Amino acid sequence: MSSPEISLTINGHPITVPAGTTILDAAAELGIEIPVICYHPHLTANGLCRFCSVDGGGRVQLAACVTECANGMTIETHSEDVNRGRRTILELLASTINLDEAPEILDYLEEYGADSHRFPGAKRRTSPIYDDNPFYLRDYNQCINCWRCVQVCADDAQFTYALSFDGRGFETRIGTFMGEGMTNTTCVFCGQCVGACPTGALKPKRQALLEQGMNPDEIFFATRQKRRKKAMDAEE
Ligand code: SF4
Ligand code: SF4
């Protein structure tokens, strides 16, 4: 049995979609792109960053990635209020987090005319850089808590559950159980979290070394030397 159909209007364009379709997907069918930050098409949507919020005519805007279409809805995806909300989200992110390696967010800052210095006294989110495994670095100074890494490591792909979160509100942090180094977790170093991270908070170690100016041969010899030393230390 096919699912019932839902009719609504997005930016003045009528559309009919199967029940369960999100506003984000319905808009995409019309060729209307709603901007996203935490959303990833292959991961479970959570509506965390609210950047995809749209105007549905109610008191509260609707996160398009998680809100299902309903009959008679009239959606505006880029109204003045919606754009102002997006601008503020960007300004808050820029005031607290290092976005230097988040090209999509930097593009949005420009597109929405956001002022990255709007909140000059804002507290920055700071963290040590974790270099605790041979494969990738974790720099949570660049983390926007989008949750993608946690999800891809859990039920959305890897089922390894090596990553989790800690703290509340501003202090919410992605990390490992009891803050253990990655080699002491269930991590299998599949790299999926690195691929899903939109900000450079998770970065392949080799990429970091290349960016620091080392060439592939130097990286090879330095890595081999490190492995040999580790093996010798273990024998002692
Ligand atoms: S590399 Fe480790 S932490 Fe990242 S998704 Fe794979 S198992 Fe999870
Ligand atoms: S480390 Fe990257 S993927 Fe994970 S929550 Fe932070 S920004 Fe998102």
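Me: If Ala, Val, Leu, Ile, Met, Phe, Trp, Tyr, Cys and Pro count as nonpolar, Asp, Glu, Lys and Arg as charged, and the others, Gly among them, as polar, how many residues of each class has the shell around ligand 1?
Reply: This is a predicted model, in which local features need pLDDT of at least 70 and side-chain atom pairs count only at pLDDT 80 or more, while totals for chains, interfaces and linings use all residues. Residues are numbered from 1 along each chain as its sequence is written, and chains are lettered from A and ligands numbered from 1 in the order in which they are written. Around ligand 1 there are 13 residues, each with its C-beta atom, placed from the backbone, within 6 Å, and the closest are Cys-153, Thr-160, Cys-187, Cys-190 and Cys-193. By class, this shell has no charged residues, four polar and nine nonpolar.

Me: Which elements give two or more residues to the shell around ligand 1?
Reply: Elements here are DSSP runs numbered from the N terminus, helices being H or I of at least four residues and strands E of at least two. The two or more residues per element come from α4 (148-153) and α5 (192-196).

Me: Which residues are closest to ligand 2?
Reply: Ligand 2 is surrounded by 13 residues, and by class its shell has 10 nonpolar, two polar and one charged. The closest of those residues are Cys-143, Cys-146, Cys-149, Cys-197 and Ala-201.

Me: Which are the edge strands of the open sheet?
Reply: Three strands form this sheet in the order β2-β1-β5, with mixed pairing, where two strands pair if DSSP finds at least two bridges between them. Strand β1 (residues 5-10) is joined to β2 in the antiparallel sense over six bridges, and Thr-9 stands opposite Pro-14 in β2. The strands that pair on one side only, and so form the edges, are β2 (13-18) and β5 (74-75).

Me: Which residue of the hairpin of β8 and β9 takes a positive phi?
Reply: Strand β8 (residues 163-166) runs antiparallel to β9 (residues 173-176), with four bridges joining them, and Phe-165 stands opposite Ile-174 in β9. The hairpin has six residues between the strands, and the positive phi, near 80 degrees, belongs to Gly-167.

Me: How are helices α2 and α3 set to each other?
Reply: The axes of α2 (residues 80-96) and α3 (residues 103-111) come within 10 Å and cross at roughly 125 degrees. The contact is made by Leu-90, Leu-93 and Ala-94 of α2 and Ile-105, Tyr-108 and Leu-109 of α3, with C-beta atoms, placed from the backbone, within 7 Å. Angles under 35 degrees count as roughly parallel, over 145 as roughly antiparallel, 65 to 115 as roughly perpendicular and the rest as oblique. The two helices are therefore oblique.

Notes:
Nonpolar A, V, L, I, M, F, W, Y, C, P; charged D, E, K, R; others polar. Axes fitted to C-alpha atoms, helices over the stretch in contact; angles between N-to-C directions. Contact = placed C-beta atoms within 7 Å.
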